[in-house]
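Take a first look at the model shown here. The paragraphs that follow go through it one site at a time.

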Amino acid sequence: VKSWRSAAARRLRSFAKRTSVESAIVEIGHLLTGSQHSPPIDLKTIFPLLNVREAIADPDLLTAGELRLVGDEYIIAFTPSDSGVRQRFTIAHELGHVVFERTGPHCPRRGHELEQLCDLIASEILIPQRLLYQQAKSPISIAQVTKLAKLFDVSITSMAVKCAQCYPLAIAQIDFGELSWCMSGISQFYRPRAEFKGLVEKISQKRNGTELVEMKLQKEPISMIADWQKTGPDRSICLLRKTD
Ligand SMILES: [Zn+2]
């Protein structure tokens, strides 16, 4: 579990009346999406709850999205040339900023942790944990993640990240034949970097595939299944899960 240090994190915990940032985000997600019972989440339904008038396409934006205060209402601007799932994530991220605006005066508007928190709020808005648990079927393979991504109208990467937070999985992204990043929901002791590094060559050669991997978790040998899929011309997502 990450240790949060910023004022933004403290503010979020007290706003949601939760002791951990993670449960604060689930609570805020529930306040915003609780009335929606099946994916995909309709973002427009959330707008009136946060005093957001509309989301508008602005081709001149220099960033993916921007929050504007007009009178006493918010307008979210997004880049229209981005893909549909990217636009949805951007709008949900800006809704995260609006949540902070509503936590009281002197709200934080920049900072690395603030941006991370807005990404986590976006992820919980687009993929509420309770709906994910209802819809996901084990095993959480890359095929299942792809199916869920379509269902929730999010990118495969966003869905893989969410699944690694909610299930005992590890995921990695490989760009141009190199390991870009990996994260693990398996155990705090488990660092899957070496296993993923050992797979990078295979992943780069094949569009998609499955491989049995032997690894050690606290010195105990366990076998894992790695499966991966291309998500862009030079990008793949790889998942590691325990054998069933
Ligand atoms: Zn932001």
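A polar contact is a pair of N or O atoms within 3.5 Å; within protein, one atom must be able to donate a hydrogen and the other to accept it. Keep that cut-off in mind for the first stop. Keep in mind, too, that this is a predicted model.

Start at Q144. This residue sits in helix α6, which covers residues 142-152. A polar atom of the Q144 side chain lies 3.0 Å from the backbone nitrogen of K137. Is Q144 buried or exposed? Buried means under 20% relative accessible area. Q144 has 10%, so Q144 counts as buried.

Now turn to the metal site. Which residues supply the protein donors of the zinc ion? They are H93 and H97, each through NE2, and E115 through OE. These donors lie 1.9 to 2.1 Å from the zinc ion. Along the sequence, the donor residues follow the spacing H-x3-H-x17-E. The pair H93 and E115 links distant parts of the chain, 22 residues apart. H93 belongs to helix α3, residues 84-101. E115 belongs to helix α4, residues 112-126. The two also differ in their exposure class. H93 is buried, because its relative accessible area is 11%. E115 reaches 28%, so E115 is partly exposed.

Next comes a pocket. Rolling a probe the size of a water molecule over the atoms shows where empty space is left. In this model, the second largest pocket holds about 170 Å³ of space. Which residues line the second largest pocket? The lining is made of I41, D42, L43, K44, F47, A55, R88 and I91. Sorted by class, five of the lining residues are nonpolar and three are charged. No polar residue is in the lining.

Charge also matters for the next topic. Side chains of opposite charge can pair when their charged atoms come close. A salt bridge here needs a side-chain nitrogen of Lys or Arg within 4 Å of a carboxyl oxygen of Asp or Glu. How many salt bridges does this rule give? The count is 10.

Three of these pairs are worth finding in the view. One of them joins E211 and K202, with 3.0 Å from N to O. E211 is partly exposed, because its relative accessible area is 22%. K202 is partly exposed too, at 40%. Shared partners also build a network: salt bridges join D58, E66 and R68 into one. Within that network, the side chains of R68 and E66 meet at 2.8 Å, N to O. R68 has a relative accessibility of 25%, so R68 is partly exposed. E66 is partly exposed as well, at 32%. Another salt bridge links R109 with E101, and here the N to O distance is 2.8 Å. R109 has a relative accessible area of 55%. Exposed means over 50%, so R109 is exposed.

End close to the start of the chain. Where is R5 found? R5 lies in the segment before α1, the helix of residues 7-16. R5 is exposed, because its relative accessible area is 68%. Along the chain, R5 and E113 are 108 residues apart. In space, their C-alpha atoms are separated by 8.1 Å.

Definitions and conventions: Residues numbered from 1 in each chain as written. Predicted model: local features only at pLDDT ≥ 70, side-chain atom pairs only at ≥ 80, totals over all residues. Heavy atoms only, no water. Donors = N, O, S within 2.8 Å, 3.2 Å for Na, K, Ca; no water. Helix = DSSP H or I, 4+ residues; strand = E, 2+ residues; numbered from the N terminus. Buried < 20%, exposed > 50% of the residue type's maximum accessible area, 1.4 Å probe, protein only. 1 Å grid on protein atoms, 1.4 Å probe; cavity = no way out; pocket = protein on both sides within 12 Å on 5 of 7 lines; lining within 4 Å. Points joined across faces, edges and corners; volume = space filled by probe spheres on them. Nonpolar A, V, L, I, M, F, W, Y, C, P; charged D, E, K, R; others polar.
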